[in-house]
Amino acid sequence: MSNAAPTEYPEEIDGAVLKVAGVVVLGAIMSILDITVVNVALPTFQRVFANGGDPIAYSTVAWTVTAYTLALATVIPLTGWAADRFGTKRLYILAILLFTIGSALCATAGSIEVLIGFRVLQGLGGGMLMPLGMTILTHAAGPKRMGRLMAILGVPMLLGPIGGPILGGYLIEHASWHWIFLINVPIGIVAMVYAWFALENDSPTPSESFDFVGMLMMSPGLALFLFGVSSIPTDGFGSAKVLITGIIGLILILLFIRHTFKPQHPLLDLRLFKNRLLSLSTITMFLFVAAFFGGLLLVPTYFQAVRGESTFDSGLLVAAQGIGAMITMPLAGSLVDKMPVGRIVPFGLVGIIVGMFMLTQIDESTSYWYILPVLFLMGLGMGGTMMPIMTSALKTLKSHEIARGSTLLNIVQQVGSSVGVAVMSTVLTDRQKASHYVQLGQAIQERAQHKPNPLPPTHDQLQAIAQAGGMKQFMAHALHDLAGSFSTTFWVAAVLCLLTVIPALMLPRKPLPEPAAGEEAAPVMMH
């Protein structure tokens with residue numbers, strides 16, 4: 001391999017690269033579309049899977065998101081070895097197949113527990129799509145075209161965040177919640193056929209021994225730790241389930257970190273963190289996704305619970321964020337090829353930080369002319385932040401490091417997202433429990449139904465009870481308290497966004513040196 005002639009990449013984006021890019025885009029849209037669709041459906045799940053007529057707690061239905069990202073994070077470390085062992089093309093098609101089967105099974109769920117279980121299966125397939133796709137794309141494009149290629153891919157990939165909430169809301173309102181999962185089945189079939197013809201055949205050529213010891217520590221450790229963190233909203237920080245699973249998981253992760261420097265080919269190559277840009281990028285990425293995606297989960301729930309919007313209308317409102325990202329993502333992708341990432345990312349973060357702090361001021365009657373421009377501003381910031389971080393980090397790696405580098409970035413992204421969702425759900429749930437919203441809701445429902453109800457009533461239940469009992473003032477107080485729980489949670493997300501600035505300001509603001517001759521030679525495909 002080392003004696004092979006350097007691979008020549010054309011300067012312009014050609015048809016061959018675009019054909020491969022189309023495969024990756026389809027896989028990415030499936031994964032992203034699924035996440036954004038489910039975000040809109042959380043209030044629906046609270047009602048559909050209600051036990052005895054009482055709505056399920058928000059922190060419980062949030063597990064439909066957490067279980068998916070947890071499965072993603074668990075399977076990502078195995079992707080590099082599995083691709084080497086079974087072949088990139090075969091594994092990519094298998095990942096799409098698992099995701100599609102998981103989607104179909106989710107539509108058959110009869111309880112929230114069964115749905116969460118099938119979301120895990122869905123995540124096992126989805127977890128392999130992004131790292132495999134990024135590796136395939138990076139090798140097909142070459143480092144000098146990565147920014148421009150991401151700029152081209154940025155617009156169709158944003159169909160997920162924009163179209164997901166709208167599509168999800170329409171399907172729930174005009175069909176049923178089952179269709180937010182069934183819609184993935186035809187897309188998955190098309191993606192598998194496209195991948196079969198578009199990707200080049202590759203033969204499995206195992207070149208690395210599998211790190212079984214690392215797997216026995218890392219995958220269970222990560223799963224237990226995220227399970228413990230994600231259980232905080234429902235069980236409390238001091239509960240045995242949270243502490244025992246969280247501590248055992250953390251111990252296994254620490255043991256894995258100690259172990260990973262011993263084998264030649266570890267499950268996760270933490271030695272790559274010697275690359276300063278990769279280290280700074282992963283720290284920035286973790287804080288960013290925890291704050292942004294944790295906060296993003298709250299927005300459609302706010303529109304439905306506080307403002308009484310339908311799932312379809314809340315999807316239309318949330319789309320303002322995706323439209324903003326659609327504008328800046330192609331621009332930021334082009335700039336990554338021309339200037340250092342340290343001159344791009346901080347400007348994107350400013351939009352997100354300003355927007356998040358503005359969301360801390362919302363209440364039950366805040367004008368949409370205030371909220372929608374804020375979401376649009378945050379979308380502008382997101383488009384100028386996330387893709388440049390990932391692209392810049394991968395550009396500094398050597399050919400044989402790209403697969404493991406993309407694995408590290410993806411696992412950090414998924415762990416950060418899971419932690420962010422858990423933190424925001426905990427704050428929101430605790431704030432609601434302490435508010436007059438829940439206390440007044442309990443009192444009214446006990447009097448109306450002659451039984452206690454420990455869960456907060458839905459917007460529709462509040463309105464019906466208030467109108468029936470002539471208690472419009474109660475409705476106003478309850479919604480004011482409920483809106484306050486959201487604004488408090490946005491404060492937490494805003495502070496996390498502010499912390500992201502620290503590593504972002506340390507990103508390079510001067511051009512990086514060109515790679516030495518031969519370092520781009522013979523890119524190592526994930527066979």
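**A guided reading of a helical chain**

Not counting residues up to four places away in sequence, Thr-64 touches Val-38, Leu-42, Phe-45, Ile-112, Leu-115, Ile-116 and Arg-119. This threonine belongs to helix α3, which covers residues 63–86. Its relative accessible area is 0%, and Thr-64 therefore counts as buried, since buried means under 20%. The model in which these contacts appear is a predicted one.

From this single residue one may turn to the chain as a whole. Its secondary structure consists of 22 helices and zero strands. The chain has 527 residues, of which 57% count as buried. Among the contacts in the chain with a separation of 6 or more, 83% are made by residues 24 or more positions apart. The chain exposes about 21100 Å², and carbon and sulfur atoms supply 68% of that area.

A second residue to examine is Ser-103, which has its place in helix α4, residues 88–106. Is Ser-103 buried or exposed? Its relative accessibility is 0%, so Ser-103 counts as buried. When neighbours within four places in sequence are left aside, Ser-103 is in contact with Gln-122, Phe-181 and Asn-184. A further distance places Ser-103 in relation to Phe-118: the two are 15 residues apart in sequence, and their C-alpha atoms are 7.7 Å apart in space.

The cysteines may be considered next. A search of the whole structure for disulfides finds zero. Two cysteines can nevertheless be described by their accessibility. Cys-106 has a relative accessible area of 0% and is therefore buried. Cys-497 stands at 2% relative accessibility, so this residue counts as buried too.

Attention now moves to a pair of helices. Helix α13 comprises residues 276–296, and helix α14 comprises residues 298–305. The two pack at an angle of about 20°, with their axes 5 Å apart. Because angles under 35 degrees count as roughly parallel, α13 is roughly parallel to α14. Which residues meet where these helices pack? From α13 come Gly-294, Gly-295 and Leu-296, and from α14 come Leu-298, Val-299 and Pro-300. By class, the residues of this contact are four nonpolar and two polar, with no charged residue.

The last stop is helix α22, which spans residues 472–504. Ser-487 is found in this helix, and Thr-488 is found in α22 as well. How do the two residues stand in terms of accessibility? Ser-487 has a relative accessible area of 11%, and this residue is therefore buried. Thr-488 has a relative accessible area of 29%; because partly exposed covers values between 20% and 50%, Thr-488 is partly exposed. Apart from neighbours within four places in sequence, Ser-487 is in contact with Leu-359, Thr-360 and Ile-362. For Thr-488, a C-alpha distance can be given: Leu-428 lies 60 residues away in sequence and 7.7 Å away in space.

The reader may now return to the structure with these places in mind. Thr-64 in helix α3, Ser-103 in helix α4 and Ser-487 in helix α22 can each be located along the chain.

How values were computed. Residues numbered from 1 in each chain as written. Predicted model: local features only at pLDDT ≥ 70, side-chain atom pairs only at ≥ 80, totals over all residues. Heavy atoms only, no water. Disulfide = S-S within 2.5 Å. Buried < 20%, exposed > 50% of the residue type's maximum accessible area, 1.4 Å probe, protein only. Axes fitted to C-alpha atoms, helices over the stretch in contact; angles between N-to-C directions. Helix = DSSP H or I, 4+ residues; strand = E, 2+ residues; numbered from the N terminus. Parallel < 35°, antiparallel > 145°, perpendicular 65-115°, else oblique. Contact = heavy atoms within 4.5 Å. Nonpolar A, V, L, I, M, F, W, Y, C, P; charged D, E, K, R; others polar. Areas by Shrake-Rupley, 256 points an atom, 1.4 Å probe, with all protein chains shown as cover.
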